Amino acid sequence: MSQTDVTGSHKSQAAALIVIFSGVVAALQIGKLPPALPALSQSLNLSLMQSGFLLSLVQLAGMSLALVVGLSADGLGLRRSMLTGLVVLGVASAMGALAESVTALMAWRAVEGFGFLWVTLPAPGLIRKLVNAQQVRKLLGYWGAYMPAGTALTLLVGPLWLPALGWQTWWCLFAVLSWAMALVLWRVVPPDAEATVPETLASPALALASSGALRVAWPQRLRETLTAPGPWLVALCFAMYSGQWLAVVGFLPSIYTQAGLSGATLGVLTAFAAAVNMGGNMASGRLLQRGLHPSLLLGMGFMAMALGSFVAFSEWTVSAPWLRYLGVLLFSSFGGLVPGTLFSLSVRLAPHERNVSTTVGWMQQGSAAGQFAGPPAVAWLASLVGGWQWTWMATGLCCVGGCLLSVLIAQALNVQKESV
(Lines give C-alpha, C1' and ligand atoms only; values in the text may rest on other atoms or scores of the structure.)
Protein backbone atom coordinates (compact mmCIF):
# COMPACT_ATOMS: atom_id res chain seq x y z
CA MET A 1 0.00 0.00 0.00
CA SER A 2 1.45 3.36 -1.02
CA GLN A 3 1.85 6.38 1.24
CA THR A 4 -0.90 8.11 -0.74
CA ASP A 5 -3.30 5.26 -0.01
CA VAL A 6 -2.41 5.33 3.71
CA THR A 7 -3.04 9.07 3.86
CA GLY A 8 -6.32 8.63 2.01
CA SER A 9 -7.31 5.86 4.40
CA HIS A 10 -6.66 8.05 7.44
CA LYS A 11 -8.67 10.91 5.94
CA SER A 12 -11.51 8.52 5.15
CA GLN A 13 -11.53 7.21 8.73
CA ALA A 14 -11.60 10.77 10.07
CA ALA A 15 -14.51 11.59 7.75
CA ALA A 16 -16.33 8.44 8.90
CA LEU A 17 -15.88 9.47 12.53
CA ILE A 18 -17.37 12.88 11.72
CA VAL A 19 -20.37 11.06 10.26
CA ILE A 20 -20.71 9.14 13.53
CA PHE A 21 -20.42 12.33 15.60
CA SER A 22 -23.14 13.87 13.43
CA GLY A 23 -25.37 10.97 14.46
CA VAL A 24 -24.58 11.68 18.10
CA VAL A 25 -25.58 15.34 17.63
CA ALA A 26 -28.84 14.20 16.02
CA ALA A 27 -29.39 11.85 18.96
CA LEU A 28 -28.94 14.80 21.31
CA GLN A 29 -32.17 16.18 19.87
CA ILE A 30 -33.96 13.00 20.92
CA GLY A 31 -32.26 12.84 24.29
CA LYS A 32 -32.80 16.48 25.25
CA LEU A 33 -36.45 15.86 26.14
CA PRO A 34 -36.35 13.28 29.00
CA PRO A 35 -34.43 15.47 31.50
CA ALA A 36 -36.64 18.42 30.55
CA LEU A 37 -39.95 16.64 31.17
CA PRO A 38 -40.25 17.75 34.84
CA ALA A 39 -39.60 21.39 33.84
CA LEU A 40 -42.00 21.17 30.89
CA SER A 41 -44.66 19.66 33.13
CA GLN A 42 -44.48 22.73 35.36
CA SER A 43 -44.16 25.27 32.56
CA LEU A 44 -46.71 23.89 30.06
CA ASN A 45 -48.80 21.67 32.37
CA LEU A 46 -47.90 18.47 30.53
CA SER A 47 -49.88 15.37 31.45
CA LEU A 48 -48.22 11.95 31.65
CA MET A 49 -49.77 10.87 28.36
CA GLN A 50 -48.63 14.11 26.67
CA SER A 51 -45.13 13.45 27.96
CA GLY A 52 -45.25 10.00 26.39
CA PHE A 53 -46.32 11.42 23.03
CA LEU A 54 -43.61 14.09 23.19
CA LEU A 55 -41.04 11.35 23.71
CA SER A 56 -42.32 9.39 20.74
CA LEU A 57 -43.52 12.12 18.35
CA VAL A 58 -40.04 12.70 16.98
CA GLN A 59 -40.33 9.23 15.45
CA LEU A 60 -43.37 10.16 13.34
CA ALA A 61 -41.18 10.94 10.34
CA GLY A 62 -39.34 7.66 10.76
CA MET A 63 -42.61 5.73 10.78
CA SER A 64 -43.83 7.37 7.59
CA LEU A 65 -40.79 8.19 5.47
CA ALA A 66 -37.78 6.11 6.59
CA LEU A 67 -38.19 3.65 3.72
CA VAL A 68 -38.55 6.47 1.19
CA VAL A 69 -35.46 8.28 2.45
CA GLY A 70 -33.45 5.05 2.48
CA LEU A 71 -34.61 4.29 -1.05
CA SER A 72 -33.67 7.70 -2.43
CA ALA A 73 -30.57 8.43 -0.35
CA ASP A 74 -28.07 7.35 -3.01
CA GLY A 75 -29.78 9.44 -5.66
CA LEU A 76 -30.12 12.53 -3.47
CA GLY A 77 -26.57 12.31 -2.10
CA LEU A 78 -25.75 10.91 1.33
CA ARG A 79 -23.65 13.85 2.49
CA ARG A 80 -26.18 16.36 1.17
CA SER A 81 -28.96 14.58 3.03
CA MET A 82 -27.04 14.67 6.31
CA LEU A 83 -26.25 18.37 5.93
CA THR A 84 -29.91 19.13 5.27
CA GLY A 85 -30.95 17.13 8.31
CA LEU A 86 -28.56 18.94 10.64
CA VAL A 87 -29.77 22.34 9.44
CA VAL A 88 -33.41 21.30 9.88
CA LEU A 89 -32.69 20.00 13.38
CA GLY A 90 -31.20 23.36 14.30
CA VAL A 91 -34.15 25.33 12.95
CA ALA A 92 -36.74 23.07 14.64
CA SER A 93 -34.93 23.21 17.99
CA ALA A 94 -34.64 27.00 17.82
CA MET A 95 -38.33 27.38 16.98
CA GLY A 96 -39.26 24.87 19.69
CA ALA A 97 -37.58 27.15 22.23
CA LEU A 98 -40.14 29.80 21.31
CA ALA A 99 -43.13 27.47 21.77
CA GLU A 100 -45.72 28.70 24.26
CA SER A 101 -48.06 25.70 24.10
CA VAL A 102 -47.89 21.93 24.11
CA THR A 103 -49.30 21.85 20.57
CA ALA A 104 -46.56 24.10 19.18
CA LEU A 105 -43.86 22.16 20.97
CA MET A 106 -45.23 18.89 19.56
CA ALA A 107 -45.32 20.34 16.04
CA TRP A 108 -41.67 21.36 16.14
CA ARG A 109 -40.83 18.03 17.76
CA ALA A 110 -42.30 16.32 14.70
CA VAL A 111 -40.15 18.51 12.43
CA GLU A 112 -37.12 17.45 14.45
CA GLY A 113 -38.07 13.90 13.55
CA PHE A 114 -37.65 14.68 9.84
CA GLY A 115 -34.25 16.25 10.46
CA PHE A 116 -33.20 13.28 12.58
CA LEU A 117 -34.16 10.95 9.73
CA TRP A 118 -32.17 12.87 7.12
CA VAL A 119 -29.08 12.64 9.34
CA THR A 120 -29.23 9.05 10.56
CA LEU A 121 -30.53 7.08 7.58
CA PRO A 122 -27.77 7.92 5.07
CA ALA A 123 -24.99 7.57 7.66
CA PRO A 124 -24.38 3.77 7.47
CA GLY A 125 -24.23 3.94 3.66
CA LEU A 126 -21.87 6.91 3.78
CA ILE A 127 -19.59 5.11 6.25
CA ARG A 128 -19.49 2.13 3.89
CA LYS A 129 -18.42 4.41 1.06
CA LEU A 130 -15.73 6.16 3.09
CA VAL A 131 -13.81 3.17 4.51
CA ASN A 132 -12.65 -0.22 3.31
CA ALA A 133 -14.29 -3.58 4.00
CA GLN A 134 -12.02 -4.34 6.98
CA GLN A 135 -13.04 -1.17 8.80
CA VAL A 136 -16.78 -1.23 8.06
CA ARG A 137 -17.85 -3.70 10.76
CA LYS A 138 -15.98 -1.89 13.52
CA LEU A 139 -17.24 1.54 12.50
CA LEU A 140 -20.81 0.31 12.09
CA GLY A 141 -20.52 -1.02 15.65
CA TYR A 142 -19.48 2.46 16.74
CA TRP A 143 -22.34 3.92 14.72
CA GLY A 144 -24.77 1.66 16.59
CA ALA A 145 -23.83 3.55 19.76
CA TYR A 146 -24.82 7.00 18.47
CA MET A 147 -28.23 6.93 20.13
CA PRO A 148 -27.16 5.93 23.67
CA ALA A 149 -24.20 8.33 23.43
CA GLY A 150 -26.45 11.29 22.70
CA THR A 151 -28.99 10.21 25.30
CA ALA A 152 -26.33 9.77 27.98
CA LEU A 153 -24.85 13.22 27.38
CA THR A 154 -28.19 14.96 27.68
CA LEU A 155 -29.19 12.97 30.76
CA LEU A 156 -25.88 13.90 32.41
CA VAL A 157 -25.90 17.63 31.63
CA GLY A 158 -29.65 18.28 31.64
CA PRO A 159 -30.32 18.07 35.41
CA LEU A 160 -27.55 20.61 35.96
CA TRP A 161 -28.43 22.95 33.09
CA LEU A 162 -32.23 23.01 33.30
CA PRO A 163 -32.77 24.24 36.90
CA ALA A 164 -30.28 27.05 36.36
CA LEU A 165 -31.01 28.20 32.80
CA GLY A 166 -34.41 26.78 31.84
CA TRP A 167 -35.64 24.55 29.07
CA GLN A 168 -35.74 27.28 26.40
CA THR A 169 -31.97 27.80 26.52
CA TRP A 170 -31.60 24.00 26.54
CA TRP A 171 -33.40 23.90 23.18
CA CYS A 172 -31.28 26.78 21.86
CA LEU A 173 -28.08 24.97 22.85
CA PHE A 174 -28.90 22.04 20.59
CA ALA A 175 -29.85 24.33 17.73
CA VAL A 176 -26.35 25.80 17.83
CA LEU A 177 -24.72 22.37 18.13
CA SER A 178 -26.62 21.09 15.09
CA TRP A 179 -25.56 24.03 12.94
CA ALA A 180 -21.95 23.74 14.14
CA MET A 181 -21.91 20.03 13.29
CA ALA A 182 -23.28 20.78 9.83
CA LEU A 183 -20.33 23.13 9.26
CA VAL A 184 -17.81 20.49 10.38
CA LEU A 185 -19.43 17.81 8.20
CA TRP A 186 -19.39 20.15 5.22
CA ARG A 187 -15.68 20.88 5.72
CA VAL A 188 -14.39 17.37 6.50
CA VAL A 189 -16.55 14.86 4.62
CA PRO A 190 -15.89 14.90 0.85
CA PRO A 191 -18.72 15.69 -1.57
CA ASP A 192 -20.91 12.76 -2.56
CA ALA A 193 -19.19 12.24 -5.91
CA GLU A 194 -15.83 11.92 -4.10
CA ALA A 195 -16.96 9.96 -0.99
CA THR A 196 -15.47 6.70 -2.22
CA VAL A 197 -12.66 4.54 -0.85
CA PRO A 198 -9.46 4.58 -2.95
CA GLU A 199 -9.56 1.83 -5.58
CA THR A 200 -6.72 -0.10 -3.99
CA LEU A 201 -8.69 -0.28 -0.71
CA ALA A 202 -12.17 -0.87 -2.01
CA SER A 203 -13.71 -4.23 -2.76
CA PRO A 204 -14.21 -4.72 -6.54
CA ALA A 205 -17.50 -6.47 -5.81
CA LEU A 206 -18.68 -3.50 -3.75
CA ALA A 207 -17.74 -1.07 -6.50
CA LEU A 208 -19.56 -3.17 -9.10
CA ALA A 209 -22.64 -3.48 -6.89
CA SER A 210 -22.66 0.23 -6.16
CA SER A 211 -22.57 1.10 -9.83
CA GLY A 212 -25.24 -1.51 -10.48
CA ALA A 213 -27.51 0.07 -7.88
CA LEU A 214 -27.66 3.24 -9.94
CA ARG A 215 -28.86 1.30 -12.98
CA VAL A 216 -31.73 -0.44 -11.17
CA ALA A 217 -34.93 1.58 -11.00
CA TRP A 218 -36.26 2.39 -7.53
CA PRO A 219 -39.55 0.47 -7.96
CA GLN A 220 -37.59 -2.72 -8.49
CA ARG A 221 -35.35 -2.07 -5.49
CA LEU A 222 -38.41 -1.32 -3.38
CA ARG A 223 -40.13 -4.49 -4.53
CA GLU A 224 -37.00 -6.58 -3.91
CA THR A 225 -36.69 -5.23 -0.38
CA LEU A 226 -40.31 -5.61 0.70
CA THR A 227 -40.75 -9.08 -0.76
CA ALA A 228 -37.67 -10.49 1.00
CA PRO A 229 -38.01 -11.83 4.57
CA GLY A 230 -34.71 -10.41 5.87
CA PRO A 231 -35.64 -6.70 5.91
CA TRP A 232 -38.94 -7.48 7.66
CA LEU A 233 -37.22 -9.57 10.34
CA VAL A 234 -34.62 -6.91 11.24
CA ALA A 235 -37.27 -4.16 11.17
CA LEU A 236 -39.64 -6.01 13.50
CA CYS A 237 -36.79 -7.01 15.80
CA PHE A 238 -35.61 -3.40 16.04
CA ALA A 239 -39.16 -2.33 16.88
CA MET A 240 -39.27 -4.83 19.77
CA TYR A 241 -36.03 -3.36 21.12
CA SER A 242 -36.35 0.37 20.51
CA GLY A 243 -39.85 0.85 21.92
CA GLN A 244 -39.05 -0.59 25.32
CA TRP A 245 -35.58 0.96 25.58
CA LEU A 246 -36.84 4.50 24.91
CA ALA A 247 -39.81 3.97 27.23
CA VAL A 248 -37.65 2.86 30.16
CA VAL A 249 -34.71 5.25 29.71
CA GLY A 250 -36.92 8.13 28.58
CA PHE A 251 -39.03 8.03 31.73
CA LEU A 252 -36.13 7.46 34.14
CA PRO A 253 -35.73 11.18 34.99
CA SER A 254 -39.44 11.43 35.79
CA ILE A 255 -39.40 8.19 37.79
CA TYR A 256 -36.38 9.24 39.82
CA THR A 257 -37.72 12.77 40.32
CA GLN A 258 -40.86 11.25 41.82
CA ALA A 259 -38.57 9.18 44.07
CA GLY A 260 -37.00 12.38 45.43
CA LEU A 261 -33.77 12.52 43.43
CA SER A 262 -32.60 15.70 41.74
CA GLY A 263 -29.60 17.61 40.44
CA ALA A 264 -26.25 15.91 39.96
CA THR A 265 -27.35 12.59 41.47
CA LEU A 266 -30.28 12.33 39.06
CA GLY A 267 -28.09 13.28 36.11
CA VAL A 268 -25.32 10.80 36.87
CA LEU A 269 -27.66 7.87 37.51
CA THR A 270 -29.77 8.36 34.40
CA ALA A 271 -26.81 9.20 32.16
CA PHE A 272 -24.90 6.12 33.27
CA ALA A 273 -27.97 3.97 32.62
CA ALA A 274 -28.00 5.21 29.01
CA ALA A 275 -24.21 5.16 28.58
CA VAL A 276 -23.79 1.47 29.42
CA ASN A 277 -25.87 0.74 26.32
CA MET A 278 -22.89 1.88 24.24
CA GLY A 279 -20.81 -0.93 25.69
CA GLY A 280 -23.29 -3.49 24.41
CA ASN A 281 -23.30 -1.91 20.96
CA MET A 282 -19.52 -1.95 20.67
CA ALA A 283 -19.25 -5.43 22.17
CA SER A 284 -21.65 -6.81 19.57
CA GLY A 285 -19.25 -5.94 16.74
CA ARG A 286 -16.32 -7.61 18.47
CA LEU A 287 -18.35 -10.69 19.37
CA LEU A 288 -19.58 -11.03 15.80
CA GLN A 289 -16.00 -10.80 14.56
CA ARG A 290 -15.09 -13.63 16.95
CA GLY A 291 -17.74 -15.85 15.40
CA LEU A 292 -20.71 -15.66 17.75
CA HIS A 293 -23.95 -16.22 15.91
CA PRO A 294 -26.08 -13.07 15.53
CA SER A 295 -29.25 -14.78 16.72
CA LEU A 296 -27.44 -15.85 19.91
CA LEU A 297 -26.49 -12.24 20.63
CA LEU A 298 -30.07 -11.12 19.97
CA GLY A 299 -31.46 -13.78 22.30
CA MET A 300 -28.98 -12.85 25.04
CA GLY A 301 -29.89 -9.19 24.69
CA PHE A 302 -33.64 -9.69 24.89
CA MET A 303 -33.50 -12.16 27.79
CA ALA A 304 -31.27 -9.79 29.78
CA MET A 305 -33.67 -6.92 29.08
CA ALA A 306 -36.60 -8.99 30.36
CA LEU A 307 -34.76 -9.91 33.55
CA GLY A 308 -33.43 -6.37 34.10
CA SER A 309 -36.85 -4.81 33.63
CA PHE A 310 -38.41 -7.22 36.12
CA VAL A 311 -35.76 -6.41 38.73
CA ALA A 312 -36.10 -2.66 38.06
CA PHE A 313 -39.88 -2.35 38.28
CA SER A 314 -41.32 -5.35 40.12
CA GLU A 315 -43.07 -4.73 43.44
CA TRP A 316 -40.82 -7.41 44.91
CA THR A 317 -37.82 -5.05 44.73
CA VAL A 318 -39.58 -1.88 45.88
CA SER A 319 -37.59 -1.81 49.13
CA ALA A 320 -34.22 -2.24 47.38
CA PRO A 321 -33.61 0.90 45.25
CA TRP A 322 -30.03 0.04 44.37
CA LEU A 323 -31.06 -3.44 43.26
CA ARG A 324 -33.64 -1.77 41.04
CA TYR A 325 -30.96 0.46 39.58
CA LEU A 326 -28.79 -2.58 38.85
CA GLY A 327 -31.78 -3.98 37.00
CA VAL A 328 -31.88 -0.85 34.83
CA LEU A 329 -28.15 -1.23 34.10
CA LEU A 330 -28.65 -4.88 33.14
CA PHE A 331 -31.57 -3.89 30.91
CA SER A 332 -29.62 -1.18 29.10
CA SER A 333 -26.13 -2.70 28.87
CA PHE A 334 -27.03 -6.15 27.54
CA GLY A 335 -29.81 -4.60 25.48
CA GLY A 336 -27.07 -2.80 23.54
CA LEU A 337 -26.20 -6.13 21.93
CA VAL A 338 -29.43 -5.90 19.93
CA PRO A 339 -29.00 -2.72 17.80
CA GLY A 340 -25.32 -3.37 17.11
CA THR A 341 -26.15 -6.85 15.87
CA LEU A 342 -29.10 -5.64 13.79
CA PHE A 343 -27.01 -3.03 11.94
CA SER A 344 -24.67 -5.84 10.91
CA LEU A 345 -27.60 -8.07 9.95
CA SER A 346 -29.18 -5.34 7.82
CA VAL A 347 -26.20 -5.62 5.48
CA ARG A 348 -26.23 -9.44 5.46
CA LEU A 349 -29.98 -9.89 5.09
CA ALA A 350 -30.50 -7.29 2.38
CA PRO A 351 -31.69 -9.12 -0.74
CA HIS A 352 -28.88 -7.54 -2.77
CA GLU A 353 -26.00 -5.12 -2.28
CA ARG A 354 -28.04 -2.46 -4.07
CA ASN A 355 -30.79 -2.85 -1.43
CA VAL A 356 -28.69 -2.13 1.65
CA SER A 357 -29.74 1.52 2.05
CA THR A 358 -33.37 0.58 1.51
CA THR A 359 -33.09 -2.26 4.03
CA VAL A 360 -31.54 0.10 6.60
CA GLY A 361 -34.38 2.52 5.90
CA TRP A 362 -36.99 -0.19 6.48
CA MET A 363 -35.23 -1.26 9.67
CA GLN A 364 -35.19 2.36 10.85
CA GLN A 365 -38.89 2.57 10.07
CA GLY A 366 -39.48 -0.42 12.36
CA SER A 367 -37.33 1.20 15.03
CA ALA A 368 -39.30 4.43 14.72
CA ALA A 369 -42.60 2.57 14.99
CA GLY A 370 -41.42 0.94 18.20
CA GLN A 371 -40.24 4.24 19.65
CA PHE A 372 -43.50 5.91 18.67
CA ALA A 373 -45.68 3.25 20.33
CA GLY A 374 -43.53 2.28 23.32
CA PRO A 375 -43.49 5.39 25.56
CA PRO A 376 -47.22 6.17 25.26
CA ALA A 377 -48.08 2.52 25.89
CA VAL A 378 -45.95 2.38 29.03
CA ALA A 379 -47.31 5.77 30.16
CA TRP A 380 -50.87 4.53 29.61
CA LEU A 381 -50.15 1.39 31.63
CA ALA A 382 -48.60 3.44 34.44
CA SER A 383 -51.61 5.77 34.49
CA LEU A 384 -53.98 2.81 34.51
CA VAL A 385 -52.39 1.01 37.47
CA GLY A 386 -51.26 4.13 39.31
CA GLY A 387 -47.50 3.52 39.09
CA TRP A 388 -44.64 1.91 37.20
CA GLN A 389 -44.87 -1.51 38.87
CA TRP A 390 -46.23 -3.33 35.79
CA THR A 391 -43.76 -1.83 33.31
CA TRP A 392 -41.82 -5.09 33.31
CA MET A 393 -44.86 -6.87 31.87
CA ALA A 394 -44.99 -4.57 28.83
CA THR A 395 -41.25 -4.81 28.20
CA GLY A 396 -41.34 -8.56 28.81
CA LEU A 397 -43.84 -9.03 25.99
CA CYS A 398 -41.50 -7.13 23.67
CA CYS A 399 -38.63 -9.40 24.74
CA VAL A 400 -40.65 -12.53 23.98
CA GLY A 401 -41.37 -11.15 20.51
CA GLY A 402 -37.68 -10.32 20.04
CA CYS A 403 -36.57 -13.83 21.02
CA LEU A 404 -39.02 -15.40 18.56
CA LEU A 405 -37.75 -13.10 15.82
CA SER A 406 -34.15 -14.04 16.61
CA VAL A 407 -35.03 -17.68 15.92
CA LEU A 408 -36.55 -16.71 12.57
CA ILE A 409 -33.44 -14.66 11.78
CA ALA A 410 -31.27 -17.73 12.47
CA GLN A 411 -33.39 -19.72 10.03
CA ALA A 412 -33.11 -16.97 7.40
CA LEU A 413 -29.31 -16.93 7.76
CA ASN A 414 -29.19 -20.71 7.37
CA VAL A 415 -31.30 -20.55 4.21
CA GLN A 416 -29.04 -17.81 2.88
CA LYS A 417 -25.94 -19.89 3.66
CA GLU A 418 -27.34 -22.95 1.91
CA SER A 419 -28.24 -20.95 -1.19
CA VAL A 420 -24.72 -19.55 -1.59
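Helices here are DSSP runs of H or I with at least four residues, and strands are runs of E with at least two. On that basis, the protein chain in this predicted model comes out with 18 helices and zero strands. The chain has 420 residues, and 56% of them are buried. Its exposed surface adds up to about 17300 Å², with carbon and sulfur atoms supplying 69% of that area. As for how the chain folds back on itself, take the contacts with a sequence separation of 6 or more: 85% of them link residues that sit 24 or more positions apart.

Now to the helix pairs. Two packed helices are described by the angle between their axes and the distance between the axes. Helix H5 covers residues 78-96, and it packs against H6 at an angle of about 165°, the two axes lying 7 Å apart. Anything over 145 degrees counts as roughly antiparallel, so H5 and H6 fall into that class. Their crossing is left-handed. On the H5 side, the contact draws on Ser81, Met82, Thr84, Gly85, Leu86, Val88, Leu89, Ala92, Ser93, Met95 and Gly96. H6 answers with Leu105, Trp108, Val111, Glu112, Gly115, Phe116, Trp118 and Val119. Sorted by class, the contact of H5 with H6 holds twelve nonpolar, six polar and one charged residues.

H6 (residues 102-120) also meets helix H9, which spans residues 146-188. Here the axes come within 18 Å and cross at roughly 145°, and the crossing is right-handed. From H6, the residues involved are Leu105, Glu112, Phe116 and Thr120. Across from them in H9 are Tyr146, Met147, Trp167 and Trp171. That gives the contact of H6 with H9 six nonpolar residues, one polar and one charged. Leu105, Glu112 and Phe116 thus turn up in the contact with H9 and also in the one with H5.

Further along the chain, helix H16 (residues 337-348) packs with helix H17 (residues 356-385). The angle is about 140° and the axes are 8 Å apart, so H16 and H17 are oblique to each other. H16 passes H17 in a right-handed crossing. Leu342, Phe343, Ser346 and Val347 make the contact from H16, while Val356, Thr359, Val360 and Met363 make it from H17. There are six nonpolar and two polar residues in the contact of H16 with H17, and no charged ones.

A few single residues fill in the picture. Valine 338 belongs to H16. Its relative accessibility is 0%, so valine 338 counts as buried. Setting aside neighbours within four places in sequence, valine 338 is in contact with Tyr241, Leu298, Gly301 and Phe302. Proline 294 is 44 residues away from valine 338 in sequence, with the two C-alpha atoms 9.1 Å apart in space.

Phe302 shows up again at cysteine 398, which touches Met240, Gln244 and Phe302 when residues up to four places away in sequence are not counted. Cysteine 398 sits in helix H18, residues 391-419. The relative accessible area of cysteine 398 is 21%, so the residue is classed as partly exposed; the cut-off for buried is under 20%. One of those partners, glutamine 244, is 154 residues from cysteine 398 along the chain, yet their C-alpha atoms are separated by 7.2 Å.

Tyrosine 256 lies in helix H12, which runs over residues 229-258. Its relative accessibility is 12%, so tyrosine 256 counts as buried. Between the C-alpha atoms of tyrosine 256 and leucine 269 the separation is 9.1 Å, with their positions 13 residues apart along the chain.

Key: Residues numbered from 1 in each chain as written. Predicted model: local features only at pLDDT ≥ 70, side-chain atom pairs only at ≥ 80, totals over all residues. Heavy atoms only, no water. Axes fitted to C-alpha atoms, helices over the stretch in contact; angles between N-to-C directions. Parallel < 35°, antiparallel > 145°, perpendicular 65-115°, else oblique. Left-handed = near helix turned anticlockwise from the far one by under 90°. Contact = heavy atoms within 4.5 Å. Nonpolar A, V, L, I, M, F, W, Y, C, P; charged D, E, K, R; others polar. Buried < 20%, exposed > 50% of the residue type's maximum accessible area, 1.4 Å probe, protein only. Areas by Shrake-Rupley, 256 points an atom, 1.4 Å probe, with all protein chains shown as cover.
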